[in-house]
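Morning, everyone. I'll go through side-chain contacts, then the surface, then the pockets.

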Amino acid sequence: EEAVLKAGQVVFHHALTFHGSGPNTRDTPRKALAVHLQPDGCRYQRIGAWHQNVKDLGPNPKEGALFQGPTFPVLHEESSK
């Protein structure tokens with residue numbers, strides 16, 4: 001189903017959802033913000049598809065490297081009750 005958004009609206013979808021947009025027909029640039037969320041404790045694995053986040057691990061990421069640090073902030077921590 002097509003999602004037609006007005007200025008200021010937002011859409012969330014799974015990373016594997018096929019998505020895109022038509023051409024920008026205005027004289028001003030189109031602005032967008034993409035946020036990739038992943039669970040805390042994710043580690044790099046050479047198997048599977050490459051992901052944009054891998055470049056932030058450095059030029060030669062090691063197998064098992066944690067996605068951590070200022071590029072990968074923890075947005076929410078579960079409380080221990």
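One definition before the residues: buried means under 20% relative accessible area, exposed means over 50%, and partly exposed is what falls in between. And keep in mind that this is a predicted model.

Salt bridges, then. The count is 2. Take Glu63 and Arg46: they form a salt bridge, with the closest N and O atoms 3.9 Å apart. The cut-off is 4 Å, so a pair at that separation still counts. How exposed are the partners? Glu63 has a relative accessible area of 48%, so Glu63 is partly exposed. Arg46 has 53%, which is over 50%, so Arg46 is exposed.

Now Lys55 and Asp56. Their side chains meet in a salt bridge at 3.2 Å, N to O. Lys55 comes out at 46% relative accessibility, so Lys55 is partly exposed. Asp56 comes out at 36%, and partly exposed is the label there too.

Next, aromatics. The structure holds 1 aromatic pair. The partners are Phe67 and Phe72, with ring centres 5.2 Å apart. Stacked or edge-to-face? The planes sit at 80 degrees, so the pair is edge-to-face. Phe67 and Phe72 are both buried.

On to the surface. Leu33, Val35, Leu37 and Leu75 form a nonpolar patch there. Together they have about 520 Å² of accessible area. One of them, Leu37, has a relative accessible area of 67%, so Leu37 is exposed.

Last topic: pockets. How much space lies in the largest pocket? About 2000 Å³. It is lined by 50 residues. Nearest its centre are Val11, His13, His19, Leu33 and Ala34. Leu33 we have just met, in the nonpolar patch. By class, the lining of the largest pocket has 24 nonpolar, 18 polar and 8 charged residues.

The second largest pocket has a volume of about 510 Å³. It is lined by 20 residues, and the closest to its centre are Gln38, Phe72, Pro73, Val74 and Leu75. Two of those names are familiar. Phe72 belongs to the aromatic pair, and Leu75 belongs to the nonpolar patch. How does this lining divide by class? There are 10 nonpolar, 8 polar and 2 charged residues.

To recap: 2 salt bridges, 1 aromatic pair, a nonpolar patch on the surface, a largest pocket of about 2000 Å³ and a second largest of about 510 Å³. That's my part. Over to you.

Technical notes: Residues are numbered from 1 along each chain as its sequence is written. This is a predicted model: local features need pLDDT of at least 70, side-chain atom pairs count only at pLDDT 80 or more; totals for chains, interfaces and linings use all residues. Side-chain values use heavy atoms; hydrogens and water are left out. Buried means under 20% relative accessible area, exposed over 50%, partly exposed in between (1.4 Å probe, protein chains only). Rings of Phe, Tyr and Trp (its six-membered ring) pair if their centres lie within 6.5 Å; planes under 30 degrees apart count as stacked, over 60 as edge-to-face and the rest as tilted. Patches are made of residues with over 30% relative accessible area and no salt bridge: like charges are joined within 9 Å, nonpolar side chains (Val, Leu, Ile, Met, Phe, Trp, Tyr) within 5 Å. Accessible areas come from the Shrake-Rupley method with a 1.4 Å probe; for residues, only the protein chains shown count as cover. On a 1 Å grid over the protein atoms alone, a cavity is a set of points where a 1.4 Å probe fits but cannot get out, and a pocket is an open set with protein on both sides within 12 Å along at least five of seven lines; lining residues have an atom within 4 Å of a point. Grid points are joined across faces, edges and corners, and a volume is the space filled by probe spheres set on the points. Ala, Val, Leu, Ile, Met, Phe, Trp, Tyr, Cys and Pro count as nonpolar, Asp, Glu, Lys and Arg as charged, and the others, Gly among them, as polar.
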